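Student: Could we take a close look at a single part of this model? I would like one connected account of it.

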Amino acid sequence: MTQNYPGRVPESHVRAAQAHTEPAQKIRHYLAAQQWEEAASILEEEGQMLLAHGHIQLLQRWLAALPAAQVQQHPLLLYLQGTCAIQLGDLTSAEQSLQQALAGFRDRPNEAAQGQTLLMLANLTSAQHDQQKTLAYLGQALTKPLTPPQQVQAHITSAWMHVYTGRLNDQGQADIVKAMRITKMSGVPIAYNILGHQLRAPLLFSQLGPTIFEQYCKEAMNRFGEIATPASVGALYLWSVILCLKGKIEEAREMRHRAQQLNQQLGQLVYVTIGLDMTELWDRLIFNQLRRFSDYWNARLPFYEQTEGPRQWLICFLFLRGLQLYLNGHFEQSEQILEYMHHELLPDDLPENTIAMETLTGMLRLHHHQWAEAEEVLQRATERLEQAPHGLLFANPCIWLAQLYFLQGCERQARTAMETLFSLYRMKEIGGILLREGTIAGPLLELIDHLPEARRAWRIWSRFYSHRSVPIPQSPEVLTPREMEVLRLMARGARNQEIAEALFITVRTVKAHVSRILAKMDVHSRTQAVT
């Protein structure tokens, strides 16, 4: 009929739209018939539900199919357009659409819709880390009538604002608890979907600890199962991070893969995607999978270089790449990564970005035996971490400061640095985060084995590294697991007899191990080998 009666095609689409009861089919046919007002009307009715179920890209495509002038006439469509843009990381477009929506709702006037739009603007400016605007929008929104899901949005947006003002443990954690409580009491799926977007890894570093978040994830999964909604995808993602922090890497990997599959169906929720990328790279770091790390990194790098929202964390991801290169002895390439980080860092940048850059700077100064410079920059990064503990998600300046002291033979200072790390950052619950630094963590944990949580972290670490051969940087040689045990004891100042007693071997065997270690490392003394 299209070829024989082209003039009747729009009419046919209109009749098809009128005949269908399925809203999605109606929208498709009205768009094909260029019946813009009818399509806009159904999108207004169904758009909120599409957002709630995570169909961001589908909704965005339908909105883009409407003439811009048509969208401008409907404040609700502008609101939907702006919300889609936030979820896809296009913050500039989001702000323009939401401001136009707010103006339209004020002209009507519509108090409830104004409150909803003000909350989304607060969410946007929180993502842009503009505290002043976020406070202003939240204050205005709280004067409007808010539904339970909108109250959840208000509290969780406030919590995120406190993450970046250093007040997460003072005021932010109360907002987190309130958002969870309202969600559970209301039982409204939209509220769970809001938290699916907003409960992310940095919040785990509040004094609430990971347990309350793990309980929430279990409840969300019991309620929604493994269907493609923001609630289930967000719960799977956050749960996988918690498992990583606990050192349960294989379980975390399985859960992450399930989250990735569902997230793909939703069109890649941008902030969930960032978290999934982070733990994917952790996994490849821990298992020292050089090629697989590089392949994944190269595939994902354009996303962080070219998408506005994720670009904020480009420096943090660059640090993970620099760490991987450093741990494998590729120091020149790690220096190149540091140069790129310097180029990208902005004045008053995110604290995690500054911590990451300073940590890699200190590591490379340490490599060049520039002890004073390394100590200064790592101490500065450690101080920043106290105000932004979520920076540990990417960089751990504390352990590298301890390593610096350890290599200088300053065991007391190294022990103090490790004790500080454990006293400030709930290592009893997140000891698995030390796995990223590879073999350096083991000897440092042994320095503080008087702490029960350090012994627990060492047991996690030893499952991955005690029985693994370790490559020697810039050498084809590797140290066997037994040679690593001998070297660790040498690093603690143990003599041959003490090493023999600790490992239940003869002194003669110890001497043979020491000789092989020195030969493989091409050094002439035990001190050189330890350094």
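Student: How much space lies in the second largest pocket?

Tutor: Happy to help! The second largest pocket holds about 670 Å³ of space, a volume being the space filled by probe spheres set on grid points joined across faces, edges and corners. This is a predicted model, where local features need pLDDT of at least 70 and side-chain atom pairs pLDDT 80 or more, while totals for chains, interfaces and linings use all residues. Numbering runs from 1 along each chain as its sequence is written, and side-chain values use heavy atoms, without hydrogens or water.

Around this pocket (an open set of 1 Å grid points where a 1.4 Å probe fits, with protein on both sides within 12 Å along at least five of seven lines; lining residues have an atom within 4 Å of a point) there are 32 lining residues, and His-129, Asp-348, Asp-349, Leu-350 and Pro-351 are the closest to its centre. By class, the lining has twelve nonpolar, 13 polar and seven charged residues (Asp, Glu, Lys and Arg are charged; Ala, Val, Leu, Ile, Met, Phe, Trp, Tyr, Cys and Pro nonpolar; the others, Gly among them, polar). The helices (DSSP runs of H or I, at least four residues) that each supply at least two lining residues include H9 (131–141), H10 (148–163), H18 (308–311) and H22 (371–387), along with H8, H19 and H21.

For context, the largest pocket has about 1200 Å³ and 41 lining residues, with Gln-403, Thr-439, Ile-440, Pro-473 and Thr-531 nearest its centre. Its lining divides into 26 nonpolar, eleven polar and four charged residues. H19 (314–327) and H21 (351–367) each give at least two residues to that lining too.
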